[in-house]
Amino acid sequence: MRRIVQYTLMSLDGAVDDPRRYFPDSNPGVASAPVLDPVTTDLEARLIGGQDAVLLGRTTFDEWSGYWPTSDEQPFADFINHVKKYVVTSTPLTSDWSNTEARSGSLAEIVRDLKARPGGDIGVHGSITLARSLLADGLVDELHLAVGPVLDPMGRR
């Protein structure tokens with residue numbers, strides 16, 4: 001059976017809103033992915049290598065669908081642009097992004113349906129509200145935290 005694998009970028013004190021602030025060489029004022037060190041980049045590449053689907057929250061989908069389709073930031077750009085994306089939402093999607101499907105209803109039912117299908121792991125990237133709900137409902141099978149070496153007093157934890 002497939003697994004739900006949550007991958008969260010965060011500061012040392014648990015902030016999760018803007019990962020560009022948590023990693024060296026990132027520029028918080030410019031739309032971009034965070035700059036990760038070679039070890040973290042390798043770990044991320046191995047993690048996404050086992051995923052053939054992603055579960056996204058609506059806010060993350062709306063933000064990412066305007067950024068990732070034209071990004072060349074590897075390895076994540078190729079992964080997220082080609083992988084099957086399931087967006088948890090109660091309203092129709094207004095952006096077009098390849099391989100995207102809106103899903104509504106009970107989160108537990110959505111997860112149960114996706115896990116019953118053949119395939120690899122199902123990743124959860126960003127999507128902090130969705131990630132919190134999945135964790136609260138005991139629906140995450142594996143949790144990966146990439147912790148940046150800074151304190152960030154702003155944002156959700």
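**Surface patch.** I started with the nonpolar patch on the surface of this predicted model. I find six names in it: Leu12, Leu135, Leu143, Leu145, Val147 and Leu151. Together they have about 580 Å² of accessible area. I then asked which element gives the largest share of the patch. Strand β6, residues 142–147, supplies three residues, and that is the largest share.

I picked Leu143 for a closer look. I place Leu143 in strand β6. Is Leu143 buried, partly exposed or exposed? Its relative accessible area is 43%. Buried needs under 20% and exposed needs over 50%, so Leu143 counts as partly exposed.

**Helix α4.** Next I went to α4, which runs over residues 107–116. I noted its buried residues: Leu107, Ile110, Val111, Leu114 and Lys115. Where do they fall, seen down the axis of α4? They keep within an arc of 125 degrees, so they line one face of the helix. I turned to the face directed away from that buried side. There I see the exposed residues Glu109, Arg112 and Ala116.

I also checked what covers the buried residues of α4. The cover includes the strands β1 (4–10), β2 (51–57), β3 (84–88), β4 (100–103) and β5 (121–125). Helix α5 (128–136) is part of the cover too.

Which residue caps the N-terminal end of α4? I found Ser106 there. A side-chain oxygen of Ser106 lies 3.3 Å from the backbone nitrogen of Ala108.

**Arg58.** I moved on to helix α2, residues 58–64, where Arg58 lies. Is Arg58 buried or exposed? I read a relative accessible area of 17% for Arg58. The limit for buried is under 20%, so Arg58 is buried.

I looked for its partners. The side chains of Arg58 and Thr91 are joined by a polar contact of 2.8 Å. I set aside the neighbours of Arg58 within four places in sequence and listed its other contacts. They are Val87, Val88, Thr89, Thr91, Pro92, Leu93 and Thr94. Thr91 thus appears in my notes twice, in the polar contact and in the contact list.

**Glu73.** My last stop was the loop between α2 and α3 (76–82), which holds Glu73. Its relative accessible area is 25%, so I entered Glu73 as partly exposed. How far apart are Glu73 and Pro34 in sequence and in space? I noted 39 residues in sequence. In space they are 9.6 Å apart, C-alpha to C-alpha.

Key
Residues are numbered from 1 along each chain as its sequence is written. This is a predicted model: local features need pLDDT of at least 70, side-chain atom pairs count only at pLDDT 80 or more; totals for chains, interfaces and linings use all residues. Side-chain values use heavy atoms; hydrogens and water are left out. Helices (H or I, at least four residues) and strands (E, at least two) are DSSP runs, numbered from the N terminus. Buried means under 20% relative accessible area, exposed over 50%, partly exposed in between (1.4 Å probe, protein chains only). A polar contact is a pair of N or O atoms within 3.5 Å; within protein, one must be able to donate a hydrogen and the other to accept it, and residues adjacent in sequence count only if both atoms are side-chain atoms. Contact means heavy atoms within 4.5 Å. The arc is that of the directions from the helix axis to the C-beta atoms. Patches are made of residues with over 30% relative accessible area and no salt bridge: like charges are joined within 9 Å, nonpolar side chains (Val, Leu, Ile, Met, Phe, Trp, Tyr) within 5 Å. Accessible areas come from the Shrake-Rupley method with a 1.4 Å probe; for residues, only the protein chains shown count as cover. A salt bridge is a side-chain nitrogen of Lys or Arg within 4 Å of a carboxyl oxygen of Asp or Glu.
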